[in-house]
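Biologist: I am new to this structure and would like to go through it slowly. Could you show it to me before we begin?

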Amino acid sequence: MVKPAIFEQFPVEKKSKGQVDWLKSEKWLHAKVNATLSLTKLVAQGVTIIAGSVSANLTMYQGVDLHTELFHLQKLGMSAKDILLSVTHEAYQFLGINWGIKAGAKANFLILPIEVTQDITKSVEFKHVYLEGRIVDRESLLTYATPNWWQYSKLLIGIED
């Protein structure tokens with residue numbers, strides 16, 4: 001999902017050797033079993049699960065990490081429909097954001113294939129992205145995928161081409 005050149009920008013394994021070693025250990029397998037049991041119990045008790053970004057975690061690729069979280073939730077036993085709710089309705093309610101397809105709501109949404117309701121891995125196969133009611137031209141965004149100081153500066157200060 002990430003171009004090889006981007007890996008050079010984020011030397012994850014060098015900066016996070018302890019985390020990488022832990023993920024290769026038996027402790028991770030034990031933690032994974034516990035996570036599965038915990039998630040199963042939480043969902044069975046009706047606890048609201050909210051999926052979200054780890055934008056402050058410098059060892060993760062932004063955007064990709066959210067899809068990774070969704071994939072893990074499905075592997076841990078959460079249904080694709082419940083995962084979709086966790087990243088949309090539940091998250092928006094928690095944050096107090098007026099959302100949905102109705103007058104006055106933010107028009108920020110994706111067009112996803114129907115298969116995503118059964119298989120959350122289809123969430124990366126979105127057809128269109130709408131931001132503030134306008135369709136996002138994905139091709140022009142690819143210029144932002146080439147990291148340099150000017151591209152990041154334009155994103156941070158909100159300059160549109």
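Biologist: Is E125 buried or exposed, or does E125 fall in between?

Modeller: This is a predicted model, in which local features need pLDDT of at least 70 and side-chain atom pairs count only at pLDDT 80 or more, while totals for chains, interfaces and linings use all residues. Residues are numbered from 1 along each chain as its sequence is written, and side-chain values use heavy atoms, with hydrogens and water left out. Buried means under 20% relative accessible area and exposed means over 50%, with partly exposed in between (1.4 Å probe, protein chains only). Because its relative accessible area is 37%, E125 is partly exposed.

Biologist: Which residue does E125 meet in a salt bridge?

Modeller: A salt bridge is a side-chain nitrogen of Lys or Arg within 4 Å of a carboxyl oxygen of Asp or Glu, and the structure holds one. The partner is partly exposed, with a relative accessible area of 24%. At 3.7 Å, N to O, the side chain that meets E125 is that of K122.

Biologist: Where does S123 lie, and is S123 buried or exposed?

Modeller: S123 lies in the loop between strand 1 and strand 2 (128–131), where strands (E, at least two residues) and helices (H or I, at least four) are DSSP runs numbered from the N terminus. Contact means heavy atoms within 4.5 Å, and, not counting residues up to four places away in sequence, S123 touches H67, L70, F71, L112 and V116. Because its relative accessibility is 4%, S123 counts as buried.

Biologist: Which helix gives the most to the largest nonpolar core?

Modeller: A nonpolar core is a set of buried Ala, Val, Leu, Ile, Met, Phe, Trp, Tyr and Cys residues joined through side-chain atoms within 4.5 Å, and the largest one here has twelve residues, including L39, L70, I83, V116 and I120. Helix 5 (64–75) and helix 6 (80–87) each supply at least two residues of this core. With three residues, the helix that gives the most is helix 6.

Biologist: Why are the buried residues of helix 6 said to be on the same side?

Modeller: The buried residues of helix 6 are A80, I83, L84 and S86. The arc is that of the directions from the helix axis to the C-beta atoms. These residues are on the same side of helix 6 because they cover an arc of only 160°.

Biologist: Which residues does I83 touch?

Modeller: I83 is one of the residues of the largest nonpolar core. Not counting residues up to four places away in sequence, I83 touches L70, L73, Q74, M78 and I120.
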